[in-house]
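Open the model in your viewer and keep the selection panel handy. We will begin at a single charged side chain and then step back to the whole chain.

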Amino acid sequence: MADLLATWTRGTHTADGLTHDLYRKGGNDAAPAVIVIHELPGITPKVIAFAEEVVARGYTVVLPHLFGTPQAPATPRELATSFARVCVNREFTKLALGETTPVAGWLRSVARELHAELGGPGVGALGMCFTGGYALAMMVDAPVVAPVVCQPSTPFPFGKARAASLGLSDRDLEVVKQRAAAGCAVLGLRYRRDAATGSRFDTLRTELGDNFLCVEFDGRGHSVVTEQRQQQAVDTILDFFDERLAGRPG
């Protein structure tokens, strides 16, 4: 099997008592950074393929390795293994509503370090599925100016409160609302009948108003840029990064 990460540079980042590997590729000293946060079960071949498209657009791309086996495909076994591990790891989840996941602080630190190194208007961040809401959490005290939320699925939508929750503390949600009102729009994408996203797109519309840019596709698919890829989703995301990070018309 080909090593899909062979052309990526592997490193580590430590912050808030957490250490994770990350993979980096592309760009140059002047290219803005985009952080692509993988979904369950991990950095799959299709996640890497999407990240390569962002690299090809001219960005420095960082792939944090948060869980799972890099390059392993999204098989039922890999999904079950990763799901079991993250569900008992308080680094990623909180039992109570109204709390921001601890790994958000680590991701914010990654964004701050990249922005300090590369400059530009800020950093792009994309989360998907289990990590879908992480791009929102990164808006709080990191230079994220192009947040993308793909099929956010946590907290898992058991009951109305969890289905509507954005996975943020009240304080963090207020900061997100303030940043959105100041012009940091949030792009969200999902399949319209994807039950895993609950009603949180309605919450985003209510909380962010016109600053939530919503793209929905017909059907019951889930992963809009990987397993059930929609080319329109990929194109919309790349255009969003161009507009917000590179100053090119989207």
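Start by selecting Asp194 in this predicted model. Is Asp194 buried or exposed? Asp194 is buried, and yet no salt bridge involves this residue. Add Arg190 to your selection: this is the nearest side chain of opposite charge, and the distance is 7.2 Å. A salt bridge would need a side-chain nitrogen of Lys or Arg within 4 Å of a carboxyl oxygen, so the Arg190 side chain, at 7.2 Å, does not form one with Asp194.

Next, colour by secondary structure and look at either side of Asp194. The residue sits in a loop, with strand E7 (186-191) before the loop and helix H7 (200-208) after it.

Which residues touch Asp194 from beyond four places in sequence? Select Gln151, Gly219, Gly221 and His222, which are the contacts once those neighbours are set aside.

Now zoom out to the full protein chain. You can count 8 helices and 8 strands. Of the 250 residues, 53% are buried. Among contacts with a separation of 6 or more, 75% join residues 24 or more positions apart.

For overall dimensions, show the C-alpha trace, which spans about 45 × 45 × 40 Å along its principal axes. The radius of gyration is 16 Å, which agrees with the value near 18 Å for a compact globule of 250 residues.

Finish with a surface view. The chain exposes about 10500 Å², and carbon and sulfur atoms supply 52% of that area. Colouring by charge picks out 25 positive and 27 negative charges, whose mean positions lie 5 Å apart.

How values were computed
Residues are numbered from 1 along each chain as its sequence is written. This is a predicted model: local features need pLDDT of at least 70, side-chain atom pairs count only at pLDDT 80 or more; totals for chains, interfaces and linings use all residues. Side-chain values use heavy atoms; hydrogens and water are left out. Helices (H or I, at least four residues) and strands (E, at least two) are DSSP runs, numbered from the N terminus. Buried means under 20% relative accessible area, exposed over 50%, partly exposed in between (1.4 Å probe, protein chains only). Lys and Arg count as positive and Asp and Glu as negative; His and the chain ends are not counted. Contact means heavy atoms within 4.5 Å. The radius of gyration is taken over C-alpha atoms; the globule rule is 2.2 Å times the number of residues to the power 0.38. Accessible areas come from the Shrake-Rupley method with a 1.4 Å probe; for residues, only the protein chains shown count as cover. The place of a charge is taken as NZ of Lys, CZ of Arg, CG of Asp or CD of Glu.
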